[in-house]
Amino acid sequence: MQLGMVGLGRMGANMVRRLLRGGHECVVFDLDPKNVHLVASEGAHGAKSLQDLVQQLASPRAVWVMVPAGGPTEKTVAELAEYLTAGDTVIDGGNSFYKDDVRRSQLVSAKGIHYVDAGTSGGVWGLERGYCLMIGGPEKAFQQLEPIFRTLAPGQGNIPITPGRDQSRGTAQDGYLYCGPTGAGHFVKMIHNGIEYGLMQAYGEGFEILREANGAQLPADYRYQFDVAEISELWRRGSVVGSGLLDWTAMALAEDPTLSGYIGFVEDSGEGRWAIQAAIEEAVSADVLASSLFRRFRSRKEHTFAEKVLAAMRKKFGGHIERPAGG
């Protein structure tokens with residue numbers, strides 16, 4: 001299948017590589033020509049502009065937008081809408097706010113253009129592991145694009161089907177799922193990231209308690225000098241707290257047991273805030289999610305070992321770079 005990809009950053013470029021491996025044809029564009037040249041050298045077709053990208057695609061066209069949420073996505077979708085025609089599809093694979101999806105969908109649908117929102121999880125490891133995809137928009141557009149989603153997704157791999165699950169229900173076991181109408185995909189991804197915040201915070205606090213168990217404020221008989229790198233490796237094997245986040249924590253601690261290379265400054269992508277806004281609108285108590293978001297705010301003023309663990313996890317699963325306040 002043919003697909004246009006706009007945005008060749010950490011995830012966009014690897015998604016193109018995975019699609020090429022799966023036998024798809026990709027036309028690519030990025031504001032940095034060097035990124036276009038690099039991916040084109042690996043088998044994609046490079047474009048000099050969004051208009052050039054659209055012209056290289058056969059109707060009905062499908063263009064995946066993988067740029068930062070907010071202004072960049074808004075501008076890209078608006079410009080694409082000038083060149084696309086009825087029956088074409090725009091896929092927003094970034095971390096957009098679901099209400100923005102609904103608004104943008106209404107704008108492009110006036111021209112007969114389909115709008116699909118695809119919440120995408122997998123980070124820099126997605127090239128090999130695949131991407132978990134949460135998809136919203138017109139169901140017909142989802143069905144037309146399903147070969148793309150199936151290639152990008154992890155597939156069942158070696159993860160057994162949940163006991164008692166009816167496999168005929170859908171595609172969740174393959175790592176992608178049609179979640180509902182416009183905005184549904186990014187809504188699910190928003191909650192996914194809110195949960196991620198809470199899990200990361202729990203790991204960070206737990207490892208800090210282990211690290212401080214040898215503190216001078218404790219009675220001598222109750223002090224322990226734990227090797228947190230070894231404990232993280234231990235918990236990866238058979239423990240109920242095992243997860244991808246723990247895997248990345250163990251990697252970071254193996255490389256730097258004191259995490260001295262991290263300052264503990266932790267950004268938030270916006271989805272944690274949106275998840276809490278949704279909880280407020282629905283009158284749902286979300287104590288853990290709210291607390292973990294506020295902890296990230298605090299991390300930008302002073303840094304603890306827990307925050308260094310969070311920063312290390314983010315770098316490992318998403319390639320995120322620490323940015324100090326004012327930087």
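Colleague: Let's start with C26. Why does C26 count as buried?

Modeller: Happy to explain! In this predicted model, C26 has a relative accessibility of 1%. A residue is called buried when that value is under 20%, so C26 counts as buried.

Colleague: Where does C26 sit in the sheet, and which residue does C26 stand opposite?

Modeller: C26 is in β2, and L3 stands opposite C26. Strand β2 covers residues 25-29, and β1 pairs with β2 in the parallel sense over five bridges. Two strands count as paired when there are at least two bridges between them, so five bridges between β1 and β2 meet that rule.

Colleague: What makes you say that β1 is largely enclosed by the rest of the structure?

Modeller: Strand β1 runs over residues 2-6, and five of its five residues are buried, so the strand is largely enclosed. Both faces are covered: one side has Q2, G4 and V6, while L3 and M5 are on the other.

Colleague: What is the order of the strands in the whole sheet?

Modeller: The open sheet has eight strands in the order β3-β2-β1-β4-β5-β6-β7-β8, and its pairing is mixed.

Colleague: Why are β3 and β8 said to stand at the edges?

Modeller: Each of them has a single partner strand, so one side of β3 (45-46) and one side of β8 are left without a neighbour in the sheet.

Colleague: How do you know that β7 pairs with β6 and with β8?

Modeller: Count the bridges against the cut-off of at least two. Five bridges join β6 (residues 114-121) to β7, and these strands run antiparallel; in that pair, A118 stands opposite I135. On β8 (residues 176-180), four bridges link to β7 in the parallel sense, with G136 opposite G180.

Colleague: Why is β7 called mostly covered?

Modeller: Strand β7 spans residues 132-136, and four of its five residues are buried.

Colleague: Back to cysteines. Why is there no bond between the sulfurs of C179 and C132?

Modeller: The closest cysteine sulfur to that of C179 is in C132, 8.7 Å away. A disulfide needs the two sulfur atoms within 2.5 Å, so this pair is too far apart for a bond. By this rule the count comes to zero disulfides.

Colleague: Is C179 buried, exposed or partly exposed, and why?

Modeller: Its relative accessible area is 28%. Partly exposed lies between 20% and 50%, so C179 is partly exposed.

Colleague: What makes F226 partly exposed as well?

Modeller: F226 has 38% relative accessibility, so the partly exposed label applies. F226 is found in the loop between α8 (184-211) and α9 (228-235). Together with Y222 and Y224, F226 forms a nonpolar patch on the surface, with about 350 Å² of accessible area together.

Colleague: How do you know that the span of helix α1 agrees with expectation?

Modeller: At 1.5 Å a residue, the 12 residues of α1 (residues 10-21) should span 16 Å, and the end C-alpha atoms are 17 Å apart, which agrees.

Colleague: How many residues of α1 are buried, and what follows the helix?

Modeller: Nine of its 12 residues are buried, which makes α1 mostly covered. Among them are G12, A13, N14 and M15. The helix is followed by G23, whose phi is positive, near 90°.

Definitions and conventions. Residues are numbered from 1 along each chain as its sequence is written. This is a predicted model: local features need pLDDT of at least 70, side-chain atom pairs count only at pLDDT 80 or more; totals for chains, interfaces and linings use all residues. Side-chain values use heavy atoms; hydrogens and water are left out. Helices (H or I, at least four residues) and strands (E, at least two) are DSSP runs, numbered from the N terminus. The expected span of a helix is 1.5 Å times one less than its number of residues. Buried means under 20% relative accessible area, exposed over 50%, partly exposed in between (1.4 Å probe, protein chains only). Patches are made of residues with over 30% relative accessible area and no salt bridge: like charges are joined within 9 Å, nonpolar side chains (Val, Leu, Ile, Met, Phe, Trp, Tyr) within 5 Å. Accessible areas come from the Shrake-Rupley method with a 1.4 Å probe; for residues, only the protein chains shown count as cover. A salt bridge is a side-chain nitrogen of Lys or Arg within 4 Å of a carboxyl oxygen of Asp or Glu.
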